[in-house]
Amino acid sequence: MKEYTPVKEGKVREIYDNGDSLIMVATDRISCFDVILNNTVSKKGAVLTQMSKFWFDHTEDIVPNHMITVDNNEMPEFFRQPQFAGKAMMCRKLRMLPIECIVRGYITGSGWKSYKQNGTVCGITLPEGLKESDKLPEPIYTPSTKAEIGDHDENISFEKSIEVLEKEFPGKGLEYAEKLRDYTIALYKKCAEYALLRGIIIADTKFEFGLDEDGNVVLGDEMLTPDSSRFWPAEGYEPGHGQPSFDKQFARDWLTSHEGHNWTLPDEIVSRTIDKYLQAYELITGTLLNI
């Protein structure tokens, strides 16, 4: 059996070169505040991979994506081992664009903090009188740069995103920036509408895109997982305060409220975190995670 080693490791994912394709494995690692925690969360990687597959299938009419298969039996023998079950996705190779495409449909988190200070979110002026967790009149696109592990992403304006893209792709900056913005908003609107029917509010999320060999913009990385999004239960939603969530905000909140944690979660918090992930998966897909 041929052995594979990652050509790139992120906070949560490991990427393997498979010749004309890549194999992206979502591990059970968990990161908060751009720090990889000492814990692992069993089944988390499978939730991320299988939920991404669901959304890629759901949105292929809007923009092509990089997914080839999540069936481990269609991958090299190395990835048929038990530790990869449900966690691996074979993908097309893309030249990734240097922008994280963030879309916010509700005001929360750092956006709420900024709004309280000066009425704006990432430089975008919002209506007066909004309450925490309010739905915005229209989703807003707030891109950021991509940070290395251990660093923080930097929020940038749409105009700055044009400059960043133009620097790497001369003559294409505006075209790519507009496509990223328009795809991001369209993806969010379709998926947020669907999720709401399933009992979940998608407060915000991020997408990443790349270019295929013909220069077409293609959706890559993960999509609308509890790692990349804020999921709130629609039942009991009430603006004016923070909302309970199905995502890793639960782990973030525990870390924020406990000093001296040394980036380690207690077993109870780990167990409750994966319960949140599984509940979100089951509500959105209508199926149990069979891994």
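User: What makes Ile15 and Met24 in β3 a matched pair, given that Ile15 stands opposite Met24?

Analyst: Ile15 stands opposite Met24 in β3, and β2 and β3 (residues 21–26) pair in the antiparallel sense over five bridges. Two strands pair if DSSP finds at least two bridges between them, so the five bridges of β2 and β3 satisfy the definition. Strands here are DSSP runs of E with at least two residues, and helices are runs of H or I with at least four, numbered from the N terminus. The model is predicted, so local features need pLDDT of at least 70 and side-chain atom pairs count only at pLDDT 80 or more, whereas totals for chains, interfaces and linings use all residues. Residues are numbered from 1 along each chain as its sequence is written, and side-chain values use heavy atoms, with hydrogens and water left out.

User: How do you know that strand β1 and strand β2 pair?

Analyst: β1 (residues 8–9) and β2 (residues 13–17) share two bridges in the antiparallel sense, so the requirement of at least two is met. Lys8 stands opposite Ile15 in β2, and a hairpin of three residues joins β1 to β2.

User: Why is the site with a volume of about 1700 Å³ called a pocket?

Analyst: On a 1 Å grid over the protein atoms alone, a pocket is an open set of points with protein on both sides within 12 Å along at least five of seven lines, whereas a cavity holds points where a 1.4 Å probe fits but cannot get out. The site is listed as the largest pocket, so it is an open set by that definition. Its volume is the space filled by probe spheres set on the points, which are joined across faces, edges and corners. The largest pocket is lined by 47 residues, lining residues being those with an atom within 4 Å of a point.
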